[in-house]
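Me: I have a structure here and want to know how its labels are earned. Take me through them.

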Amino acid sequence: MNLPNALTLLRITLTPAIALFLTDGHAGLAFGAFLVAGLTDIADGWAARRLGQETRAGAVLDIVSDRVCTAVLCVGPVSHVPELAPVALVLAVVGPFLER
């Protein structure tokens, strides 16, 4: 396993922690875990290109990780404030297109 893929897997493992923190009302911890996840998202792409370790598996894992994290960040707040559901739905649908 190379460094970029390990960083992506770390981001995937942080996603349940973010969800747990959100559902338990620990917004600060959720934000901290999300910040670490965001930094690993930047670092894994940089490391893959810089170290010449780009792989198909890494590219797929990166996309899956981004989608799962987006879903958690949309569902978490809705579980506390159901009125946010339409906004979360729009962000979940439109968000991936904003990355391009």
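What follows is a short exchange on salt bridges, burial, the core and the surface patch.

Reply: This is a predicted model, where local features need pLDDT of at least 70, side-chain atom pairs count only at pLDDT 80 or more, and totals for chains, interfaces and linings use all residues. Residues are numbered from 1 along each chain as its sequence is written, and side-chain values use heavy atoms, with hydrogens and water left out.

Me: Why is Arg-11 called buried?

Reply: Buried means under 20% relative accessible area, exposed over 50%, and partly exposed in between (1.4 Å probe, protein chains only). Arg-11 has 2% relative accessibility, so Arg-11 counts as buried.

Me: What makes Arg-11 and Asp-41 a salt bridge?

Reply: The term asks for a side-chain nitrogen of Lys or Arg within 4 Å of a carboxyl oxygen of Asp or Glu. The closest N and O atoms of Arg-11 and Asp-41 are 3.4 Å apart, so the pair meets the definition. Arg-11 lies in helix α1 and Asp-41 in helix α2, so this pair ties together parts 30 residues apart in sequence. Helices here are DSSP runs (H or I, at least four residues), numbered from the N terminus.

Me: Which salt bridge does Arg-11 form with Asp-62, and why does the pair tie together distant parts in sequence?

Reply: The closest N and O atoms of Arg-11 and Asp-62 are 2.5 Å apart. Arg-11 is in helix α1 and Asp-62 in helix α3, so the joined parts are 51 residues apart in sequence. Asp-62 is itself buried, because its relative accessible area is 19%.

Me: Which residues are linked in a network of salt bridges?

Reply: Arg-11, Asp-41, Asp-44, Asp-62 and Asp-66. The whole structure has four salt bridges.

Me: What makes a nonpolar core, and which residues are in the largest one?

Reply: A nonpolar core is a set of buried Ala, Val, Leu, Ile, Met, Phe, Trp, Tyr and Cys residues joined through side-chain atoms within 4.5 Å. The largest has eight residues: Leu-14, Ile-18, Leu-22, Ala-30, Ala-33, Ala-37, Cys-69 and Val-72. Helices α1 (3-23), α2 and α3 (56-80) each supply at least two of them.

Me: Why is Phe-34 called partly exposed?

Reply: Its relative accessible area is 35%, so Phe-34 is partly exposed. Phe-34 sits in helix α2.

Me: Which residues make the nonpolar surface patch?

Reply: Phe-31, Phe-34, Leu-35, Leu-39, Ile-42 and Leu-73 make a patch of about 580 Å². Patch residues have over 30% relative accessible area and no salt bridge; like charges are joined within 9 Å, nonpolar side chains (Val, Leu, Ile, Met, Phe, Trp, Tyr) within 5 Å. Helix α2 (residues 27-51) gives the most, with five residues.

Terms used. Areas by Shrake-Rupley, 256 points an atom, 1.4 Å probe, with all protein chains shown as cover. Helix = DSSP H or I, 4+ residues; strand = E, 2+ residues; numbered from the N terminus.
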